[in-house]
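Biologist: I should like to learn how to read a folded chain, one feature at a time. Could we begin with a single residue and work outwards?

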Amino acid sequence: MTRMHIVLLWLFNATVLAADPVADVANVAAEAFDRMPRVQTVDVIAGECGADRQVNRDVAFCTSRNVIFITKTAATRPDAAYLVAHLYGHAVQVQHGVADFALAQIRARRSEEQMLRGLVARQVECIAGFLIARAGQPRAKLTDWMMQESFAGTHWGRDPLRIGPQVSIGLAERDIWFQRGQSGRLADCAVGELSADLLLKALKNP
């Protein structure tokens, strides 16, 4: 092996080691939308933003502080970029009016709360796929990483985070919308009566 080959191999390995999918998603989110949360790595989620042991143990989005928490362990997992992208999906909705619209509908139509929260969850997965695509991550299926939903339990909300919403729509349904988002077209994230209009209005660089 020549000296040139050794140098090129070293540069390649350094580039691989320096790759940070979580940071890539965070940067893409900030480039695409205003007021996106920062990502903070922690040892444990419990104790942050009023989270207890019932809150997602890997990642959580504190809307009161506009911070996404991810544990050091989760940040090294193969699905780390997706975990963060999902929470950025919630952040886009929170910061650009979708969450307010959905909450108003939920309060007015209590008997349809689970259906409405299901629409919100589907759109979040679609936004996550959109961000994953923009970050240049390889196209993936949620079933590549998990056998059941990662986000059926509490994982976002204001302080205290332990009282945040919960919704289950099934892994297969989540993956359908995650796949749709990876098309790279934010307009595809319209879900029933939950349009993509506010998302498209907020997008800084279509």
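**From one strand to the open spaces**

Modeller: Let us begin with Thr 71, which is found in strand 3. Strands are DSSP runs of E with at least two residues, helices are runs of H or I with at least four, and both are numbered from the N terminus. The model is predicted, so local features need pLDDT of at least 70 and side-chain atom pairs count only at pLDDT 80 or more, while totals for chains, interfaces and linings use all residues. Residues are numbered from 1 along each chain as its sequence is written, and side-chain values use heavy atoms, with hydrogens and water left out.

Biologist: Is Thr 71 buried or exposed?

Modeller: Thr 71 is buried, because its relative accessible area is 5%; buried means under 20%, exposed over 50% and partly exposed in between, with a 1.4 Å probe and protein chains only. Leaving aside residues up to four places away in sequence, Thr 71 touches Thr 41, Val 42, Asp 43, Val 44, Ile 45, Arg 57 and Asp 58, where contact means heavy atoms within 4.5 Å.

Biologist: How many residues of strand 3 are buried?

Modeller: In a regular strand, side chains alternate between the two faces of the sheet. In strand 3, Val 67, Phe 69 and Thr 71 are buried on one side, and Ile 68 and Ile 70 are buried on the other. Five of the five residues are buried, so strand 3 is largely enclosed by the rest of the structure.

Biologist: Which order do the strands of the sheet take?

Modeller: The sheet is open, with four strands in the order 1-3-2-4 and mixed pairing; two strands pair if DSSP finds at least two bridges between them. At the edges are strand 1 (38-42) and strand 4 (156-157), each of which pairs on one side only. Strand 3 (residues 67-71) pairs with strand 1 in the parallel sense over five bridges. Within this pairing, Gln 40 has Phe 69 as its bridge partner, and Thr 41 has Ile 70.

Biologist: In what sense do strand 2 and strand 3 pair?

Modeller: Strand 2 and strand 3 are antiparallel, with four bridges, and Cys 62 stands opposite Val 67. Four residues lie between the strands of this hairpin, where Asn 66 takes a positive phi near 50 degrees.

Biologist: Let us turn to empty space. Which residues line the largest cavity?

Modeller: Rolling a probe the size of a water molecule over the atoms shows where empty space is left. In a cavity, a 1.4 Å probe fits on points of a 1 Å grid but cannot get out; a pocket is an open set with protein on both sides within 12 Å along at least five of seven lines, and lining residues have an atom within 4 Å of a point. The search finds one cavity of 30 Å³ or more. The largest cavity holds about 60 Å³, and its lining is formed by Phe 101, Ala 102, Gln 105, Leu 116, Leu 119, Val 120, Glu 193 and Leu 194. Helix 4 and helix 5 each give two or more residues to that lining.

Biologist: And what volume has the largest pocket?

Modeller: Its volume is about 600 Å³, meaning the space filled by probe spheres set on grid points joined across faces, edges and corners. Of its 26 lining residues, Leu 103, Arg 117, Trp 156, Arg 158 and Pro 165 lie nearest the centre. Helix 4 supplies the largest share of the lining, six residues. Leu 103 belongs to helix 4 and counts as partly exposed because its relative accessibility is 33%.
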